[in-house]
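Let's take a stroll through a protein model and see how its pieces fit together. Have the sequence and the 3D view ready, and look along as you read.

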Amino acid sequence: MIFETTLVTRRDALRLASLSLAAGVASCATKQPLVLNATGSDQTAAALPLVNTLRAKKGLSALSIDPAASTAAIYQARRMASLHKMAHLIGFGDDFGRRVKANGVRLPAAENIAEGQHSTDAVVTAWINSPHHLENMLGPYSGLGVALAYDGSSNNMPYWSMVLSSS
C-alpha cells in the first residue's frame, strides 16, 4: 500500500509540475509592458567628440548624431536603470534588432552598455579599454546615440547605453 501511495503522489507531483511549467511558459510568452520609472538624458553631444577623436586616430570617418540612435539609447538606459540590471537583452523574447528598429534605427547597428561611470569621459574611456566595445566604436557605422539614466534607488546607479547606427 505504501508503494501505491508513493506512486500516486509522484504522478500527482509530475502532473502539478507539468501544469506549473506550462503556466510559467504561458506567462513568459505574454509580454508584460515595462514600466520605465527612470529618467534618461541624451549624452550624445558630449560623447561624439571623444568617439570621433578615437576614430580619426584610426583613419576612420567621423560619426554624426543620429536622433533615432539617441532615442534607442535613452530607451535602453532607462530600461536598465528601471530594472537595476545592466544587460543588452532584458526579458523573454527581447531582441536587439527589433528593439532598435522600433526606434527608427537603421541596421546594421551595435550597442555598448555600462553601469557605474559618473561622467561621459569615464564611460567612453571604459568602452575604449574593452576590446569588444572598442570594436563596435570603430565599426562601419555613421550614426551615434549615447544616453544616461539613473536607477532612482538609494545608490542612484548610473546606467549608460551607446547605439551605433547606419544612419
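In which sense do strand S2 and S4 pair, parallel or antiparallel? Keep in mind that this is a predicted model. Strand S2 (residues 64–65) pairs with S4 in the parallel sense, and two bridges hold the pairing.

**Strand S4 and its partners**

S4 covers residues 143–150. Seven of its eight residues are buried, so the strand is largely enclosed by the rest of the structure. S2 is joined in pairing with S4 by strand S1 (residues 40–42), which runs antiparallel to S4 with three bridges. Strand S5 (residues 158–165) also runs antiparallel to S4, and here there are eight bridges. Here are the three pairings side by side:

| Strand paired with S4 | Sense | Bridges |
|---|---|---|
| S1 (residues 40–42) | antiparallel | three bridges |
| S2 (residues 64–65) | parallel | two bridges |
| S5 (residues 158–165) | antiparallel | eight bridges |

Now zoom in on single residues. On the S1 side, Gly-40 stands opposite Ala-149 of S4. Leu-144 is a handy one to find: Ile-65 has Leu-144 as its bridge partner in S4, and Leu-144 in turn has Leu-164 as its bridge partner in S5.

**Asn-112 in strand S3**

Next, hop over to strand S3, which spans residues 110–115 and includes Asn-112. Is Asn-112 buried or exposed? Asn-112 counts as buried because its relative accessibility is 0%.

What does the side chain of Asn-112 reach at 3.3 Å? That would be the backbone oxygen of His-133. The side chain of Asn-112 also makes a polar contact with the side chain of Asn-136, at 2.8 Å. Leaving out residues up to four places away in sequence, Asn-112 touches a whole list of others, among them His-88, Trp-127, Met-137, Trp-160 and Leu-164. That last name should ring a bell: Leu-164 is the S5 partner of Leu-144.

**A salt bridge**

How many salt bridges does a search of the whole structure find? The search turns up one. Glu-111 and Arg-99 form a salt bridge, and their closest N and O atoms are 2.9 Å apart. This pair links distant parts of the chain, as Glu-111 sits in strand S3 while Arg-99 belongs to helix H4 (residues 96–102), 12 residues apart.

Buried means under 20% relative accessible area. Glu-111 therefore counts as buried at 6% relative accessibility, and Arg-99 is buried too, with a relative accessible area of 7%.

Terms used. Residues numbered from 1 in each chain as written. Predicted model: local features only at pLDDT ≥ 70, side-chain atom pairs only at ≥ 80, totals over all residues. Heavy atoms only, no water. Helix = DSSP H or I, 4+ residues; strand = E, 2+ residues; numbered from the N terminus. Buried < 20%, exposed > 50% of the residue type's maximum accessible area, 1.4 Å probe, protein only. Polar contact = N/O pair within 3.5 Å; in protein donor to acceptor, adjacent residues only side chain to side chain. Contact = heavy atoms within 4.5 Å. Salt bridge = Lys/Arg side-chain N within 4 Å of Asp/Glu carboxyl O. Pairing = 2+ DSSP bridges.
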